[in-house]
Amino acid sequence: HLPVHRLVRARHRLAAHQTMDRQVRHLIRLVDDLLDVSRITQGKIELRRERCPVRTVIDQAAQIAEPHLRSRGHSLEVFTPDEPIPVFVDVTRMTQVVANLLNNAAKYTNAGGRIEVRAERDGDDVVVRVRDSGIGIRAEMLPRVFELFVQADHATDVAAGGLGIGLTLVKRLVQMHGGDVIAKSEGIGKGSEFVIIFPIDSQLPAADSPEKSEPSPEPTAPARALRILVVDDNPDIRETLKDLLELEGHEVTLAEDGPGALAQAGNGCEHDVALVDIGLPGLDGYGVAERLRDIRGTKGYPRRLIAMTGY
């Protein structure tokens, strides 16, 4: 039997390793997408085409997206004709396209939603539709969703977690197959549909010209020790922020949702700062800020509120 203090340290190390593993995998996906966009714009990606049924592409994409779909409690339905639709594509890249759309649908659909993939032949073209029962897209955003680093102002209780490059990658990979992608939505709260259209057999068009982005500003270090309330529903972010802030000498209290934040603010602890995630489930960050202002006269009210968001 190990001493208690060694067991505690072992648990902390395991939790830290699991956090690092999840975040590194997420970072790898983001970097891979960025590199893919860069390679496409520079014409450095060569498609390795082969003939296969379009159902094979969809099934492989569903396998890739399955963990994300399962974690959100979504149902996925796939509809294809009884007669297979043969396509001449880079299977890996086209699977990447459909998987990105499925992950996007899962991300912006509230837990327990419905996602549908439907494939059909339209003359010499293949049409693949990815439809969800999610939060939808405003009409004025539809023409811009495929632009690099653009993200719609989605509902605040849905965790985004991306750079706005997934749909850009989808668009460019489909264009390399001689096709196009269209985004459709009847508005906020009415779901979205992404329609992929590409020829069954086609030649490669030229790649698009590269786009530029401006660097992000460097973060600044804290000036003095503070009593900080961190409110975030993502345990990795919550615990990592706590560790970093405590390394800087701050005193940190944690809350995983809005009611928990209000309870912490009302328990007599005088917080200097509250770091509040906007995209909280149920009572979102804006609601937390309003409630905290309602209890402004109590001891627990933070002197400063700082919003955190991945949108």
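Buried here means a relative accessible area under 20%, and that cut-off is applied below to a predicted model.

**Figure 1. Close-up of L245 in helix 5 of the predicted model.**
L245 belongs to helix 5, and because its relative accessible area of 14% falls below the cut-off, the residue counts as buried. When neighbours within four places in sequence are set aside, the residues in contact with L245 are I228, V230, H250, V252 and L275. The C-alpha atom of L245 is separated by 9.9 Å from that of R227, a residue 18 positions away along the chain.

**Figure 2. The open sheet of four strands, with helix 5 and helix 6 lying across its strands.**
The strands of this sheet follow the order 9-8-10-11, and their pairing is parallel. Strand 9 (251–255) and strand 11 (304–308) stand at the edges, where each has a single partner strand, so one side of each is left without a neighbour in the sheet. From one strand to the next, the twist averages 20°. Five bridges join strand 10 (residues 273–277) to strand 11 in the parallel sense, and D277 has M308 of strand 11 as its bridge partner. Helix 5 (residues 235–247) lies across strand 8 (227–231), strand 9, strand 10 and strand 11, and its direction makes about 170° with strand 9. Helix 6 (residues 258–265) lies across strand 8 and strand 9, at about 140° to strand 9.

**Figure 3. The open sheet of five strands, on which helix 4 packs.**
Here the strand order is 2-4-5-7-6, and the pairing is mixed. The edges are formed by strand 2 (75–79) and strand 6 (180–184), each of which pairs on one side only. Neighbouring strands of this sheet are turned against each other by 15° on average, with direction ignored. Strand 5 (residues 125–132) and strand 7 (residues 192–199) run antiparallel and are joined by eight bridges, with R129 standing opposite V195 of strand 7. Helix 4 touches strand 6 and strand 7 as it packs on the sheet, and its direction makes about 140° with that of strand 6.

**Figure 4. The crossing of helix 3 and helix 4.**
The axes of helix 3 (residues 91–107) and helix 4 (residues 166–176) come within 9 Å and cross at roughly 150°, and the crossing is left-handed. On the side of helix 3, the contact is made by R93, Q96, V97, N100, L101 and N104, while helix 4 contributes G166, L167, L169, V170, L173 and V174.

**Figure 5. The whole predicted model, with two stretches of pLDDT below 50.**
The protein has seven helices and 11 strands, and 41% of its 311 residues are buried. Among contacts with a separation of 6 or more, 74% are between residues 24 or more positions apart. The accessible surface comes to about 17500 Å², of which carbon and sulfur atoms account for 52%. The pLDDT averages 82 over the protein, and 83% of the residues score at least 70. Residues 155–160, however, have a pLDDT below 50, although this stretch has 26 contacts in the model beyond near neighbours in sequence. Over residues 203–213 the pLDDT likewise stays under 50, and the model has 21 contacts for them beyond four places in sequence. Where pLDDT is low, the predicted coordinates should not be read in detail.

Key. Residues are numbered from 1 along each chain as its sequence is written. This is a predicted model: local features need pLDDT of at least 70, side-chain atom pairs count only at pLDDT 80 or more; totals for chains, interfaces and linings use all residues. Side-chain values use heavy atoms; hydrogens and water are left out. Helices (H or I, at least four residues) and strands (E, at least two) are DSSP runs, numbered from the N terminus. Buried means under 20% relative accessible area, exposed over 50%, partly exposed in between (1.4 Å probe, protein chains only). Contact means heavy atoms within 4.5 Å. Accessible areas come from the Shrake-Rupley method with a 1.4 Å probe; for residues, only the protein chains shown count as cover. Two strands pair if DSSP finds at least two bridges between them. Axes are lines fitted to C-alpha atoms, for helices over the stretch in contact, and angles run from 0 to 180 degrees between N-to-C directions. pLDDT is the predictor's confidence in each residue, from 0 to 100. A crossing is left-handed if the near helix is turned anticlockwise from the far one by less than a right angle, and right-handed if clockwise.
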